[in-house]
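Dear colleague,

Please find the structure below, handed over for your use. A written account of the findings follows it.

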Amino acid sequence: FFYYRNSLDTGVASDEIFFGDPGDRFVAGDWGVVDGKDTPAVFRPGDRTFYLRDTLTQGVADEQIPFGAERQGFIPVAGVFTDGFESGDVTR
């Protein structure tokens with residue numbers, strides 16, 4: 001199960017959905033249609049593939065992205081990466 005809150009504070013989960021397999025590593029991001037809303041994804045170490053959902057709903061992955069054998073030993077990370085300062089940045 002994937003538990004999430006609709007607000008950025010502590011407390012009981014707002015909802016839950018089932019997504020992924022045991023051993024998957026959860027990541028969140030704005031996948032699919034970029035609309036400013038994060039949705040779930042998992043990285044599956046066994047087949048070195050990301051499985052992404054485009055909506056915050058239960059179901060099978062909308063997209064699969066292989067991480068590639070040439071990246072053996074690398075650990076994928078999620079985040080917003082830019083090549084320079086963005087509006088509102090204070091430090092790096």
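**Strand S4 and its partners**

Strands S3 and S4 run antiparallel and are joined by 5 bridges. The model is a predicted one, and this account begins with S4 before moving to the side chains around it.

Within the pairing of S3 and S4, Phe 26 stands opposite Val 42. S4 also runs antiparallel to strand S5 (residues 49-52), to which 4 bridges join it. There, Phe 43 stands opposite Phe 50 of S5. The hairpin of S4 and S5 has 4 residues between the strands, and Arg 48 takes a positive phi near 50 degrees in it.

How many residues of S4 are buried? The strand is mostly covered, with 6 of its 6 residues buried. In a regular strand, side chains alternate between the two faces of the sheet. In S4, Thr 39, Ala 41 and Phe 43 point one way, while Pro 40, Val 42 and Arg 44 point the other way, and all are buried.

**The chain as a whole**

The protein chain has 6 strands and 0 helices, and its pattern along the sequence reads β-β-β-β-β-β. Of its 92 residues, 25% are buried. The chain exposes about 7,000 Å², of which carbon and sulfur atoms supply 55%. Among contacts with a separation of 6 or more, 19% are between residues 24 or more positions apart.

**Salt bridges**

Side chains of opposite charge can pair when their charged atoms come close. A search of the whole structure finds 4 salt bridges, and three of them are described here, beginning with those of Arg 44.

The side chain of Arg 44 meets that of Asp 21 in a salt bridge, at 3.3 Å from N to O. Arg 44 lies in strand S4 (residues 39-44) and Asp 21 in the loop between strand S2 (15-17) and strand S3 (25-29), so this pair ties together parts that are 23 residues apart in sequence. Asp 21 is partly exposed, with a relative accessible area of 43%.

Arg 44 also forms a salt bridge with Asp 24, at 2.8 Å from N to O. This pair likewise links distant parts of the chain, with Arg 44 in S4 and Asp 24 in the loop between S2 and S3, 20 residues apart. Asp 24 has a relative accessible area of 17%, and because buried means under 20%, Asp 24 counts as buried. Asp 21, Asp 24 and Arg 44 are thus linked in a network of salt bridges.

A further salt bridge joins the side chains of Arg 5 and Asp 9, at 2.5 Å from N to O. Arg 5 counts as partly exposed at 31% relative accessibility, and Asp 9 is also partly exposed, at 45%.

**Aromatic rings**

A pair of aromatic rings is described by the distance of the centres and the angle of the planes. The structure holds 3 aromatic pairs. One of them is formed by Phe 43 and Phe 50, a tilted pair with 5.0 Å from centre to centre and 50 degrees between the planes. Phe 43 is buried, with a relative accessible area of 5%, and Phe 50 is buried at 15%.

Which geometry does the pair of Phe 50 and Phe 67 adopt? Their ring centres are 6.1 Å apart and their planes lie at 75 degrees, so the pair is edge-to-face. Phe 50 lies in S5 and Phe 67 in the segment after strand S6 (63-66), so the pair ties together parts that are 17 residues apart in sequence. Phe 67 is buried as well, with a relative accessible area of 14%. Ring pairs link Phe 43, Phe 50 and Phe 67 into a cluster.

**Two buried threonines**

Thr 39 lies in S4 and is buried, with a relative accessible area of 5%. A polar atom of the Thr 39 side chain lies 2.6 Å from the backbone oxygen of Arg 53. Leaving aside neighbours within four places in sequence, the contacts of Thr 39 include Val 27, Trp 31, Arg 53 and Leu 56.

Thr 49 lies in S5 and counts as buried at 9% relative accessibility. The side chain of Thr 49 reaches the backbone oxygen of Asp 47 at 2.9 Å. Beyond its neighbours within four places in sequence, Thr 49 is in contact with residues including Phe 43, Arg 44 and Phe 67.

Yours sincerely

How values were computed. Residues are numbered from 1 along each chain as its sequence is written. This is a predicted model: local features need pLDDT of at least 70, side-chain atom pairs count only at pLDDT 80 or more; totals for chains, interfaces and linings use all residues. Side-chain values use heavy atoms; hydrogens and water are left out. Buried means under 20% relative accessible area, exposed over 50%, partly exposed in between (1.4 Å probe, protein chains only). Two strands pair if DSSP finds at least two bridges between them. A polar contact is a pair of N or O atoms within 3.5 Å; within protein, one must be able to donate a hydrogen and the other to accept it, and residues adjacent in sequence count only if both atoms are side-chain atoms. Contact means heavy atoms within 4.5 Å. Accessible areas come from the Shrake-Rupley method with a 1.4 Å probe; for residues, only the protein chains shown count as cover. Rings of Phe, Tyr and Trp (its six-membered ring) pair if their centres lie within 6.5 Å; planes under 30 degrees apart count as stacked, over 60 as edge-to-face and the rest as tilted.
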